[in-house]
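User: Hi! I'm new to looking at protein models, and I'd like to learn how to read a few features. Can you walk me through this one?

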Amino acid sequence: MDRETLGQRIRALRIRQGVSQAQLAFPELSDSYISLIESDKRVPAPSVVELLAAKLNCSATYLVSGVSEDVVDELRVTLDYAEIALSNGAAAEARARFAEVLASADAVALPEMLHQARWGHALALEAAGELEEAIAGLTALTAEASAEADLDHWAKVHVALSRCLRERGDVSAGVEAAESALRHLIATGADSTDAAVHLGAALLAAFIERGDLVRARHLAVQLVERAERIGSPRARMVAYWEAAYVAEIRGDYEDGVTLAERALLLAGDGEDPRDLNRLRVIYAGLLLRARPDQAGRARELLTRVRGEISASSSGEIDVAWCLTELARAETALGRPAEAVTLAEEALDLLGDAPRRATAGALTVLGEASVRLGRRDRAAEVLTRAATCLEEMESSREAAQAWFDLAEVLAEAGNAEEPRMAAYRRALTCVGV
């Protein structure tokens, strides 16, 4: 059934209250203007809607949407509850409450509330690991979002889409989502904004996962320069964070530690807990690689993060990365059995999809298995890691995984052919 129009609602309320058009208009408006509004030939300005609502003893929301204040309040409470559930890590509960709002026939008449519910629902789906549905929802939102109307939110939607595509293993699509959005900002002259830095960071992460380190390094330099030109702490934090990530991938671990420390110093109290914990995990991983003698410190930090992640909106990917780095710390501290348990827990969370996080957990599991003398197990999981990385187009990391596998096979005394096959796969991945 079609809802009444704004004009029809005004007319119905006026007649119900026994008020003429002239009486409703006096003294601010003309009766002819009221007639045009009621016949839907004029759309009143928000200030006029507020004025008419006051005269008709109703809310402006009711006049515009036809939804009573009681229903609006009920939907608002449900949305607030969903937001709290998402922040507290209760992804399933958040998803259910956002879906409840989306299923409401009244929400259709409340576009801002409906958009908030769709955005929250997509984030809840991501946190619950339901990436296909999250991507579908975010794709629809990017098609409707406007950089001119709300630049920061427009950027957040595109960043989330790029992130989910990468998490699913579709790295090239993740690159395209961030790159096309960034091109749009540059074309419209909005490249010196926080939004541009966030999109640049998303693109940088996608380049790294695709193994495109030349473009990643170039973009990292641009990102830091742009953030320092903008000057906002948030933009600088994001730029230093992503530059630290590039340094880690390139093997410049000490530089990475320095950059990550700068980012942590800029992280304010209002920082999204999910982002802050991601940064701490990266920092701990860099400490493990740059300063092995500080493995105990890295382990303490990761243990704290693991506890905080359980009470936040972090998704399975974030939890798995934390567990993987914690497993790496245990290996460095001479506790490979504990590392195996943590890496296997990470893999249980991630499932069978080809993800970079999956490859990372498999690699750490392989290293711990070697330390325990379980070379057959190490060979099995390193093969899975290398195959996973190849499927994700991460050529450089795949090459390293195949090389590690060849070394394990050599140490285990395996036949020459499997070893040579692994070496050949490594060379193929780097284009040799």
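Analyst: Sure! Let's start with one residue: R118 has 24% relative accessibility, so it counts as partly exposed. Keep in mind that this is a predicted model.

User: Okay. Which residue does R118 form a salt bridge with?

Analyst: The general idea goes like this: side chains of opposite charge can pair when their charged atoms come close. Here, R118 pairs with E144, and the closest N and O atoms are 2.7 Å apart. R118 sits in helix 8 (residues 111-127) and E144 in helix 9 (residues 131-144), so the salt bridge ties together parts that are 26 residues apart in sequence.

User: How many salt bridges does the structure hold?

Analyst: There are 23 salt bridges. One of them joins E345 and R306, at 3.2 Å from N to O. E345 belongs to helix 19 (residues 336-350) and R306 to helix 17 (residues 295-309), so this pair ties together parts 39 residues apart in sequence. E345 is partly exposed at 33% relative accessibility, and R306 is partly exposed too, at 31%.

User: What about E93 and R97: how far apart are their closest N and O atoms?

Analyst: Those atoms are 2.6 Å apart, and the two residues form a salt bridge. Both lie in helix 7 (residues 91-102), and because they are four residues apart there, about one helical turn separates them. E93 is partly exposed at 29% relative accessibility, and R97 is partly exposed at 21%. There's a bit extra here: E93, R97 and E100 are linked in a network of salt bridges.

User: Now cysteines. How many disulfides does the structure hold?

Analyst: In general, a disulfide is a covalent bond between the sulfur atoms of two cysteines. This structure holds zero disulfides. You can still look at where cysteines sit: C164 is buried, with a relative accessible area of 0%, and C322 counts as buried at 1%.

User: And the rings? How many aromatic pairs are there?

Analyst: A pair of aromatic rings is described by the distance of the centres and the angle of the planes. In this model the count is zero aromatic pairs. A ring can also have a charge over it, though: R262 lies over the face of Y240, 5.6 Å from the ring centre.

User: Last one: which residues does the "HTH cro/C1-type" domain annotation cover?

Analyst: According to the unreviewed UniProt entry, that domain covers residues 10-63. Over that stretch the chain is 63% helix and 0% strand, with the end C-alpha atoms 7 Å apart.

Key: Residues numbered from 1 in each chain as written. Predicted model: local features only at pLDDT ≥ 70, side-chain atom pairs only at ≥ 80, totals over all residues. Heavy atoms only, no water. UniProt positions renumbered as here; feature names shortened; annotations may be inferred. Helix = DSSP H or I, 4+ residues; strand = E, 2+ residues; numbered from the N terminus. Phe/Tyr/Trp six-rings, centres within 6.5 Å; stacked < 30°, edge-to-face > 60°. Lys NZ or Arg CZ within 6 Å of the ring centre and 35° of its normal. Disulfide = S-S within 2.5 Å. Buried < 20%, exposed > 50% of the residue type's maximum accessible area, 1.4 Å probe, protein only. Salt bridge = Lys/Arg side-chain N within 4 Å of Asp/Glu carboxyl O.
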